[in-house]
Amino acid sequence: MSSNIGPEAQAAYQKYLEATTIDEKIKRLEEYLSLVPKHKATEKIVALNKSRLAKLRREQEAQKNRIKSMGKQVSPFSIKKEGIQLILISDYHSPGVGKTSLLNLLTGAAKEKIGKFTPLPEIGIYEHNKVRYQIVDMPSIMEGAANGIGNGKEIISQLRACDLICFCIDLSRNYKEQMNLLLKELQESHVRLNVPPPPITIEKTGSNKIQVFYLTSEAKENKNIEELTERIKEITKAGGIRNGIVKVFGKINLEQVVDTLNPSMTYKKSIILGTKGDLSLTKNSFLELENYYSEQFPLVIGTSVNKKEIPEDFGKIVLKFLGKIKVYTMHKGVVAEKPLLIDNIHPTVRNVAIKIHRSFLESLDYATIIRKDARQEKKKVGLDYELKENDIIELHIK
Ligand SMILES: Nc1nc2c(ncn2[C@@H]2O[C@H](COP(=O)(O)OP(=O)(O)OP(=O)(O)O)[C@@H](O)[C@H]2O)c(=O)[nH]1
Ligand SMILES: [Mg+2]
């Protein structure tokens, strides 16, 4: 081990080597990593041990899945998705932030549960512009939730599956305390907020060792490609993959390679809902909160249930934040009642077809688009044509 590492860290490493169970190994390695000073000279050793940690976590996950599949009943915290799923969360140590009140204001559900501690999720449906949003009022999150305290594992597992995590923050109380707890538990549960997944994929293969490919011009601009490739190979190996293909699509750092090897790493969109905006001094704390977290949370919305204040077009705001647009399909001249939501990055005809059914794509010939306010209202287009919000699209097969 490098001489840059202090005696305390060395002792922790020894304990890791002596650990016999996966859980203990993970704990010891985490302890060790927290004791290693982080600078250039230790960068390599940190990255290597982080990928060991990722490997252990994969083993732990597999072990848990084996136990799960031995026939446990479904958790009451697991909620089947209907439409776009938004989950309201708050800090247990600041009780009564107003989640159930918000759920009720948006959906009319759970009126009788306002003002009482909510021990199990409450659900309601909010509809805006024909899009359905499933609002889940989740029991508040306790300190230690990442380690399972207060049904933490079950709650966080549902957060991993939802479309939008809504931090509900009581503006009449210390917002930093509430934010800190939620951020800490999510960070420890490997849920990353409002950042895109790293532009890397790692696939196991049967042979040929580890091959690294830089597939875009941005990826090719990474500094010291040869050195980077060596490091990627080391980290991937230490992460338990001997043969595999690593594809790099953009600028990356070693931390992101480690994250990609961690099977529980999840990337989620998240907003803050400030509550009780009718109480005194909350205007100021709203502005402070908005400003303080602006980098990580580009969207902070102030609300007051007592004054029935929440943006009228809350649904539209959410859709925009999630990067989705709605279009309508048409069949034999009849427009579908429910819109279809597609990602706004490449909202092409091709992607609409894929969304309907993958097999559709092969037989697709062309599409007709109806765009109400366009100069030419109806036109025939190809697969790469880009759609706009509220377009009506009819797909024609060969
Ligand atoms: N002044 C004011 N009070 C509110 C507002 N929203 C909720 N409250 C009050 O705050 C208290 C708690 O509200 P709940 O909606 O039950 O809070 P909760 O977050 O569901 O609480 P738990 O289920 O215990 O986590 C109730 O007495 C509500 O009437 C608001 O906008 N303004
Ligand atoms: Mg409640």
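Here are a few questions and answers on a helix pair and a strand in this predicted model.

User: How do H3 and H9 lie relative to each other, roughly parallel or roughly antiparallel?
Analyst: Helix H3 covers residues 43–68 and helix H9 covers residues 254–261, and they pack with their axes 8 Å apart. The angle is about 10 degrees, and angles under 35 degrees count as roughly parallel. So the answer for H3 and H9 is roughly parallel.

User: Is the crossing of H3 and H9 left-handed or right-handed, and which residues of H9 make the contact?
Analyst: H3 passes H9 in a right-handed crossing. On the H3 side, the contact uses Ala47, Lys50, Ser51 and Ala54. On the H9 side, it's Leu254, Val258 and Leu261.

User: How many residues of the contact of H3 with H9 are nonpolar?
Analyst: Leu and Val count as nonpolar, as does Ala, while Lys counts as charged. The split has one polar residue and one charged residue, and the nonpolar count is five.

User: Which strand does E4 join through six bridges?
Analyst: E4 (residues 164–170) is joined to E1 (residues 84–89) by four bridges, running parallel; there, Leu88 has Cys166 of E4 as its bridge partner. On the other pairing, also parallel, Ile165 is partnered with Ser270. The strand joined to E4 by six bridges is E10.

User: How many of the seven residues of E4 are buried?
Analyst: A residue is buried if 20 or more other C-beta atoms lie within 10 Å of its own. Strand E4 is mostly covered, and the number of buried residues is six.

Conventions:
Residues are numbered from 1 along each chain as its sequence is written. Chains are lettered from A and ligands numbered from 1 in the order in which they are written. This is a predicted model: local features need pLDDT of at least 70, side-chain atom pairs count only at pLDDT 80 or more; totals for chains, interfaces and linings use all residues. Axes are lines fitted to C-alpha atoms, for helices over the stretch in contact, and angles run from 0 to 180 degrees between N-to-C directions. Helices (H or I, at least four residues) and strands (E, at least two) are DSSP runs, numbered from the N terminus. Angles under 35 degrees count as roughly parallel, over 145 as roughly antiparallel, 65 to 115 as roughly perpendicular and the rest as oblique. A crossing is left-handed if the near helix is turned anticlockwise from the far one by less than a right angle, and right-handed if clockwise. Two residues are in contact if their C-beta atoms, placed from the backbone, lie within 7 Å. A residue is buried if 20 or more other C-beta atoms lie within 10 Å of its own, exposed if 12 or fewer, and partly exposed in between; C-beta atoms are placed from the backbone. Two strands pair if DSSP finds at least two bridges between them.
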